[in-house]
Amino acid sequence: MPRDNTVLKRIADYLEVSIEALFGYDLVLPGTFQVDDGAEFKRVPVYGEIAAGEPLYMQEIERHAPVPKNVMKEHPHAYLVRVVGDSVNRRILDGYYALVDPDEREPTNDRDLYAVCVNGDSATIKRYRRLANGCQLVPDSYDPTIREITFDMNDEDTPEVTIMGKVVYAVMPFDFEI
């Protein structure tokens, strides 16, 4: 037990909960926190940055962001990634967090967004369209110069494309600047 209340405040701020929650007096389930309107949130790790443009290497970010508990209940294995770029800016802005559900890897239509790994080491978020001989990663952007990326599996130099999961939710970070 810390002897100095400022240590308790720093711990509570880091965990994004009240000091009362540290002692169990908030009647909120462990791993969640509550805002004034009664909504409960769960702190979800942000695992890295993901491109919304040309695929890039995912980078580690050490932080957590709040996601509504009811969303996490539907997607219990989901994780957050920070979106970098404008190729899906009709749906998710550059700098927002995208919640990716790794349990949903099978596209059911070509309107949903997916986190996609290209060549085992770079990743992007796009709409995923199956083709007879491969796939297309399709932007959803206000910028008409951003084009789809086509992968022809008949070409021996085509990199492997793997769906990491479906994007099921987006979160604006607290420190987001307009």
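## Strand β9 and its neighbours

Leu-137 of strand β9 stands opposite Ile-149 in strand β10. In this predicted model, β9 and β10 (residues 149-152) pair in the antiparallel sense over four bridges; two strands count as paired if DSSP finds at least two bridges between them. Strand β8 (residues 122-131) is also antiparallel to β9, and five bridges join the two. They form a hairpin with two residues between them, and Arg-130 stands opposite Cys-135 in β9.

Strand β9 (residues 134-138) is largely enclosed by the rest of the structure, because five of its five residues are buried. Buried means under 20% relative accessible area, exposed means over 50%, and partly exposed lies in between (1.4 Å probe, protein chains only). In a regular strand the side chains alternate between the two faces of the sheet. Gly-134, Gln-136 and Val-138 lie on one side of β9, Cys-135 and Leu-137 on the other, and all are buried.

## Basis of the model

The model is predicted: local features need pLDDT of at least 70, side-chain atom pairs count only at pLDDT 80 or more, and totals for chains, interfaces and linings use all residues. Residues are numbered from 1 along each chain as its sequence is written, and side-chain values use heavy atoms, with hydrogens and water left out.

## Overall organisation

The protein contains three helices and eleven strands. These elements are DSSP runs numbered from the N terminus, with helices (H or I) of at least four residues and strands (E) of at least two. From the N terminus on, their order is α-α-β-β-β-β-α-β-β-β-β-β-β-β. Of the 178 residues in the protein, 41% are buried.

## Nonpolar cores

A nonpolar core is a set of buried Ala, Val, Leu, Ile, Met, Phe, Trp, Tyr and Cys residues joined through side-chain atoms within 4.5 Å. The largest has 17 residues, of which Val-81, Val-83, Val-88, Ile-92, Ala-98, Ile-125 and Val-167 touch the most other members. Two or more residues of this core come from each of β5 (79-84), β6 (97-101), β7 (113-118), β8 and β11 (161-171). A second, separate core of eleven residues includes Met-72, Ala-78, Leu-99 and Val-171.

## Salt bridges

Seven salt bridges are found in the whole structure, each defined as a side-chain nitrogen of Lys or Arg within 4 Å of a carboxyl oxygen of Asp or Glu. Arg-130, in the β8 and β9 pairing described above, forms one with Glu-106, the closest N and O atoms being 2.5 Å apart. This pair links distant parts of the chain, since Arg-130 is in strand β8 and Glu-106 in the loop between β6 and β7, 24 residues apart. Arg-130 is partly exposed at 48% relative accessibility, whereas Glu-106 is exposed at 55%.

The side chains of Asp-112 and Lys-166 also meet in a salt bridge (3.3 Å, N to O). Asp-112 lies in the loop between β6 and β7 and Lys-166 in strand β11, 54 residues apart. Asp-112 is buried, with a relative accessible area of 16%, and Lys-166 is buried at 18%. Another salt bridge joins Lys-69 and Glu-40 (2.7 Å, N to O). In addition, Arg-90, Arg-91 and Asp-140 are linked in a network of salt bridges.
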